[in-house]
Amino acid sequence: MAVDPEGHVVVADRGNCRVQVFRRDGSVLRCFGSPGSGPGELLDPRGVAVDDEGNVAVADCDGHRVVGVDNFRTGRRANLTNAQTSAAFELIEADIATQG
């Protein structure tokens, strides 16, 4: 789980192979992802990280990858740099550790 710069809560929804974004009032703003290993698809999203610009990195554990979405409002894929991927893994690992 992560919070974007506007206060939206971004959650990895493992059971549905997607990411959900919630408004501050708890209503759903957007969902993206579907089961699979292709573009826009996730096998086992376990963690998310959001940077200061609203870019989202998703740890797709069964897919053995970090998927970058340049802005969850558009759902476009981003090409993450090695530094961004490393930073995302650190944030995601910390998130997973707190979940047990």
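These are my notes from a look through a predicted model of one protein chain.

**Overall layout**

I started with the secondary structure. I counted one helix and ten strands in the protein chain. Reading from the N terminus, I got β-β-β-β-β-β-β-β-β-β-α, with the helix at the end of the run. Next I checked burial: 39% of the 100 residues in the protein chain are buried. The accessible surface came out at about 5,600 Å², and carbon and sulfur atoms hold 49% of that. I also looked up contacts with a separation of 6 or more; residues 24 or more positions apart account for 36% of those.

**The four-strand sheet**

I traced an open sheet of four strands, in the order E1-E2-E3-E4, and the pairing is antiparallel. Which strands stand at the edges? I found strand E1 (2-3) and strand E4 (28-32) there; each has a single partner strand, so one side of each lacks a neighbour in the sheet. Then I went to the E2 and E3 pair, which is antiparallel over five bridges. I noted one bridge there: Asp13 is partnered by Arg18 in E3.

**The E7-E8 hairpin**

I moved on to E7 and E8, which pair in the antiparallel sense, again over five bridges. The two strands make a hairpin with five residues between them. In the turn I flagged Gly54, since its phi is positive, about 90°. For E7, I found five of its six residues buried. I followed Val48 across to E8 and found Val58 as its bridge partner.

**Asp52**

I wanted to know about Asp52, which sits in the loop between strand E7 (45-50) and strand E8 (56-60). Is Asp52 buried or exposed? I put Asp52 down as exposed, because its relative accessibility is 76% and the cut-off for exposed is over 50%. I also checked Asp52 against Glu6: they are 46 residues apart along the chain, and their C-alpha atoms are separated by 9.5 Å.

**The nonpolar core**

Last, I looked inside. The largest nonpolar core has 13 residues, and I listed those with the most contacts inside it: Val10, Val19, Phe32, Val48, Val56 and Val58. Which elements give two or more residues to this core? I wrote down strand E2 (9-13), strand E3 (18-22), E7, E8 and strand E9 (65-71). Val48 and Val58, the bridge partners I noted in the hairpin, are both on that list of residues with the most contacts. As background, nonpolar side chains tend to be buried together in soluble globular proteins.

Key. Residues are numbered from 1 along each chain as its sequence is written. This is a predicted model: local features need pLDDT of at least 70, side-chain atom pairs count only at pLDDT 80 or more; totals for chains, interfaces and linings use all residues. Side-chain values use heavy atoms; hydrogens and water are left out. Buried means under 20% relative accessible area, exposed over 50%, partly exposed in between (1.4 Å probe, protein chains only). Two strands pair if DSSP finds at least two bridges between them. A nonpolar core is a set of buried Ala, Val, Leu, Ile, Met, Phe, Trp, Tyr and Cys residues joined through side-chain atoms within 4.5 Å. Contact means heavy atoms within 4.5 Å. Accessible areas come from the Shrake-Rupley method with a 1.4 Å probe; for residues, only the protein chains shown count as cover.
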